[in-house]
Amino acid sequence: MDLILVVTKPFDWCVERKGQTLSRHSSQEAAYKAALDYASALFEDGIRTQVTIKPEARTFAGVTAE
């Protein structure tokens, strides 16, 4: 099964597959719609795909959460 990620960035959202950014969006809704569109296109080609949200770690005042 293939995987498409909706990655939450500090100021936007991106849709990624296999480590490559497919698209960037200014709204969460647009990113989810794009991810589902990519998954639908892959399904039509016979590739089962899962769409997952991946929050990215954020930094505040130079300190990471780690």
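**Helix α1 and the nonpolar core**

In this predicted model, helix α1 shows an outward side first: on the face turned away from its buried side sit the exposed residues E29, K33, F43 and E44. The helix itself runs over residues 28-44, 17 residues in total, and spans 25 Å between its first and last C-alpha, close to the expected 24 Å at 1.5 Å a residue. Just beyond α1, G46 adopts a positive phi of about 90°.

Turning to the other side, the buried residues of α1 are A31, A34, A35, A39 and L42. Viewed down the helix axis, these buried residues of α1 fall within an arc of 135°, so they line one face of the helix. A general property of helices is helpful here: an α-helix has 3.6 residues a turn, so residues three or four places apart point the same way. The packing partners of the buried residues of α1 are the strands β1 (2-8), β2 (13-17), β3 (20-25) and β4 (49-55).

A look at the nonpolar interior brings these residues together with strand residues. The largest nonpolar core comprises eight residues, namely I4, V6, V15, A31, A34, A35, A39 and L42. Two or more residues of this core come from each of β1 and α1, and α1 provides the largest share, five residues.

V15, one of the core residues, offers a nice local view of this packing. Neighbours within four places in sequence aside, V15 contacts A31, A34, A35 and Y38, and also I4, L5, Q20, T21, L22, S23 and H25.

Methods. Residues numbered from 1 in each chain as written. Predicted model: local features only at pLDDT ≥ 70, side-chain atom pairs only at ≥ 80, totals over all residues. Heavy atoms only, no water. Helix = DSSP H or I, 4+ residues; strand = E, 2+ residues; numbered from the N terminus. Expected span 1.5 Å × (residues − 1). Buried < 20%, exposed > 50% of the residue type's maximum accessible area, 1.4 Å probe, protein only. Arc of directions from axis to C-beta. Contact = heavy atoms within 4.5 Å. Core = buried A, V, L, I, M, F, W, Y, C linked by side-chain atoms within 4.5 Å.
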